[in-house]
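Please open the model in your viewer and keep the selection panel at hand. The tour below proceeds from one selection to the next and says what is to be found at each stop.

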Amino acid sequence: MTEPILEGRSLVKDYHMGAARLRVLHGVDLAVGRGEFLCVLGPSGSGKSTLLHLLGLLDKPTAGRVRFEGTDAFGQPKRWRDRMRNQAIGFVFQFYHLMPDLSVLGNTLLPAMIQAPAVLWPMRRAGERKRAMEVLERLGLSDRVDHLPRELSGGERQRAALARALVHRPRVLFADEPTGNLDSATGAEIMRVIEDLNRRDGLTVVMVTHDQRVADRADRVVRLRDGRLLHTS
Amino acid sequence: MFADTGTSAWLWPALVGGGLAALALLALVLLTPVYKHILCAKYLFGGWKAVVPMVSCLPAALGVFLLILVFAIMDGFAEETRKMTRGTLSDIIVDAHMEGLPYYDELCRRVEAIEGVEAATPIIETYAVARIKPRFGFVKPLVRPCRIIGIRPAEKVRMGRFREYLKRQRPEAYPSADLLRVPERISEASGEPPRPGGIPGIGLIGAPMAAAEPETVEAGVGRRVAAAAGAVVMLIVTLFVWRAARRRPGHVGWIVGAVACGAACLALAATAVLTPVHETEVERDQVIDVPLLGYGDTLVVSTIPIRASGAIATEPGGLPKVQSRALAVVDYFKSGFWEADSSNVYVDFDVAQQMAGMTGGEGEEGAELARTNQVHVRITDPARGKDLCQAVEKVWFDLVREKGLATAPRLTVSTWEEHQHMILSVVDMQRNIVALMLSAMFLGFGVLIALISYVMAYIKSRDVGILKALGARDAGVGSLFLGYGFIIGLIGVALGMTGSLLMLHYLDAIEIWVNETLDVDVFPRTMYYFDNIPRNISPAWCVAVGLAVLALSTLASAVGGLLAALKQPVEALRYE
Ligand SMILES: Nc1ncnc2c1ncn2[C@@H]1O[C@H](COP(=O)(O)OP(=O)(O)OP(=O)(O)O)[C@@H](O)[C@H]1O
Ligand SMILES: [Mg+2]
């Protein structure tokens, strides 16, 4: 394996429901190499999304560490993790999570808009727009850019979410069941784009899936059950 | 209330401070990430759903509206009372009460020599009983308490607004200050010998009554304002319908709707601009004064003279020596200040001095000096009142020392405001209490705004989660909701401010309209002497109210901001 870009060490995640404590992850060790395409498989409720949130710096582990490009992410100030999520990480959620008030283009521009001060935006807008249009075109959404999310089909929404996760050219893409709600043809199309980026641009991909056919195309598959990694292939 | 308390002293610091704050705000708005601007605009104007939270600008608008409107009217009343009470007085009042002070002519001369003093005149003020035998209607004579005020007319007209308050002898008609002579015409007609003249206040010898009088008012203003408001509403509706039409290409209904709304908006705007405002006459109740006595009729006043020692002058046998005198009515006096109008009787200084027993000379208790009760002083710069009071006091002490007075009467030297302190402070207090109560009510509105802001942040919690997942900072997302509250507050303040200022501007027109359409007399002219509802718009108060309400609605929306800032992104994004 190449040098790891991402490393989880003895990751523990507890949820507290009143006095009761629910341990969702029981010390997970996982390293992802640069340019690797990793699939996480596991039954529903096994903690896949939770693991992805920890590795994607969205949520803090109860115990354990996440090293992102060699840096202890949770030893850094929150500002650092915010910047990493904005610039180095792309995230596709299980349920799309597009901003309902923004068009497809607006959603795709969001990472840039979160970063750019208002005074500089008029200067940057054209460049950012061009970049966004390229990504949208690649995902076949060029004739949907002005539509609101509620005017799109499920597959189009998922592609819009993927466009938003890819527009800023992240180094790692996290995708939580990106094909889960799609028919096989659309799912295959999305997989093709991700695979393409992985092979051609060396994008590191961490993907959660139920689908064995999807998992077959990954470099490596890990299985999660009841918050424990089972076996690596 | 801000007018004569050194406005310029804090105006510039306030302007500079406000300017700096505005610049800082502008810098903040320009440097902050652009997603906040875009989302704020979407939350504010993004379709029909955005109208609902927009409603939360209404409490702010109502608060500003009431605070400015009510305060302006209350302050107008206070100001009007101030003017009225001041008009019967002078800038500085030297009061020796009923005991009186001697050497008053000398005192006046020396006071007039003080730099900044324009004139000084002695005034007699003593209490009396007036007996009025009305010309018609009543059989029994009326007996009323009154106050005899002895004036030197030529000097008194230079103090306050005395001359303006005379019914018959307004400046143009009688430029001579010889006000108290019984007009020859009157004595000729009655064939009686001239008597000492007197000017009773209208309240003493007459009654204010309501009568329908024609008055010119501006008509068409109400329609203009209503049409303008309608045009603004229609403009907003048109914009929304137009947006909807663009989103649904091919739906002719929406396009027709947008065009219809636009046409309605234009029609209303045209009505607002083109409705002619013209002067028209309406009949409305006005106060007219119905005097019980005419010019030349007699008013009998009785006083009890007071000696220099302070003892009441007595007849042999110990009964008080009552002085009675018939005064011919030569004019009426009406200041609008009820206390003066209902009891003052102005007579010539010398006559009043006799009635008060202050002429001096050889009395039963030995030689007495001529005395007066008060000295009124007019000064050039009212702001220097306090200083000049001290100067006047010093002049008096010097005079006492020079003349070697063993028992000098105690004087109270005060500005007219201090002199009328009781009345003025009551009116001021009423105004302040109402402002305070409205402010307290507005705190309740603040809670409402906070609630709406909380609900807003709750509804948008998925947006919050997405923004944070994409790297937006906690404080940034919080400030998005703060900015949203600020803009809502700004809209509310603008609405309330415009509404209240318009209302104040067209108050009389609105009052007449209400009067005519609802038949409710909002401002009975018989109750107050004012021709119009008084109002005093203080720019400082408007700015203060605007800023306070803006600050409060921003502060209240911090509740939503805090909720958004503390939200964990994974919590917000867990489910669909
Ligand atoms: N905030 C929370 N509070 C309590 N329990 C939680 C919370 N979040 C997740 N869990 C629990 O943690 C467990 C793992 O959740 P997670 O979403 O990671 O599962 P998953 O493997 O992604 O499942 P799926 O395939 O259905 O998406 C579940 O049993 C869930 O109920
Ligand atoms: Mg999941």
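What follows is a walk through a predicted model, with a metal site, a chain interface, helices, single residues and cysteines as its stops.

**The magnesium ion**

Begin by selecting ligand 2, the magnesium ion, together with its protein donors, which are the OG atom of A:Ser49 and the OE1 atom of A:Gln94, lying 2.0 to 2.6 Å from the ion. A:Ser49 belongs to helix H1 (residues 48–55) of chain A, whereas A:Gln94 sits in the loop between strand E6 (89–92) and helix H3 (104–115) of that chain, so the pair ties together parts that are 45 residues apart in sequence. If you colour by accessibility, A:Ser49 comes out as buried, with a relative accessible area of 18%, while A:Gln94 counts as partly exposed at 22%; the cut-off that separates these two classes is 20%.

**Helix H1 of chain A**

Keep A:Ser49 in view and extend the selection to the whole of H1(A). How many of the residues of H1(A) are buried? The count is 8 of the 8, so the helix is largely enclosed by the rest of the structure. The buried residues include A:Lys48 and A:His53 as well as A:Leu51, A:Leu52, A:Leu54 and A:Leu55. Just after H1(A), select A:Leu57, which takes a positive phi of about 65°.

**Positive phi in two loops**

Most residues other than glycine have a negative phi, and two further loop residues are therefore worth a stop against that background. In chain A, go to A:Glu69, whose phi is near 50°, and which lies in the loop between strand E4 (63–68) and strand E5 (71–72). A:Glu69 is partly exposed, its relative accessible area being 28%. In chain B, go to B:His97, which is not a glycine and yet has a positive phi of about 55°. The loop that holds B:His97 runs between strand E1 (92–95) and strand E2 (101–102) of chain B, and B:His97 is partly exposed there, at 36% relative accessible area.

**Where chain A meets chain B**

Now display both chains and select the residues in contact across the interface, which number 30 in chain A and 31 in chain B. The area buried between the two chains is about 3000 Å², and carbon and sulfur atoms give 62% of it. Which three residues of chain A supply more of the area that chain A buries against chain B than any other three? They are A:His97, A:Asp101 and A:Ile114, which together supply 21% of that area.

**B:Thr121 in its strand**

Move into chain B and select B:Thr121, which is found in strand E3 (residues 117–132) and is buried, with a relative accessible area of 0%. The side chain of B:Thr121 makes a polar contact with the side chain of B:Glu155, at 2.6 Å. With neighbours within four places in sequence set aside, the residues in contact with B:Thr121 include B:Cys108, B:Arg152, B:Met159 and B:His376.

**B:Leu480 and helix H20**

Next select B:Leu480 in helix H17 of chain B, a buried residue with a relative accessible area of 3%. Not counting residues up to four places away in sequence, B:Leu480 touches B:Lys36, B:Leu39, B:Cys40, B:Tyr43 and B:Leu467. For a sense of distance, draw a line from the C-alpha atom of B:Leu480 to that of B:Leu142, which is 338 residues apart from it along the chain: the separation is 74 Å.

Helix H17 (474–505) is also among the elements that cover the buried residues of H20(B), and these elements include helix H15 (421–459) and helix H16 (461–469) as well. In H20 (residues 558–566) the buried residues are B:Gly560, B:Gly561, B:Ala564 and B:Ala565. Seen down the helix axis, they fall within an arc of 135°, so they line one face of H20(B). Turn to the other side, and B:Leu562 and B:Leu566 are exposed.

**Cysteines**

Finally, select the cysteines. A search of the whole structure finds 0 disulfides over all chains. Why does B:Cys542 have no such bond? The closest cysteine sulfur to that of B:Cys542, in B:Cys57, is 19 Å away, which is too far for a bond. B:Cys542 counts as buried at 8% relative accessibility, and A:Cys39 in the other chain is likewise buried, at 0%.

Conventions
Residues numbered from 1 in each chain as written. Chains lettered and ligands numbered in written order. Predicted model: local features only at pLDDT ≥ 70, side-chain atom pairs only at ≥ 80, totals over all residues. Heavy atoms only, no water. Helix = DSSP H or I, 4+ residues; strand = E, 2+ residues; numbered from the N terminus. Buried < 20%, exposed > 50% of the residue type's maximum accessible area, 1.4 Å probe, protein only. Polar contact = N/O pair within 3.5 Å; in protein donor to acceptor, adjacent residues only side chain to side chain. Contact = heavy atoms within 4.5 Å. Arc of directions from axis to C-beta. Disulfide = S-S within 2.5 Å. Donors = N, O, S within 2.8 Å, 3.2 Å for Na, K, Ca; no water. Buried area = accessible area lost by both parts, 1.4 Å probe.
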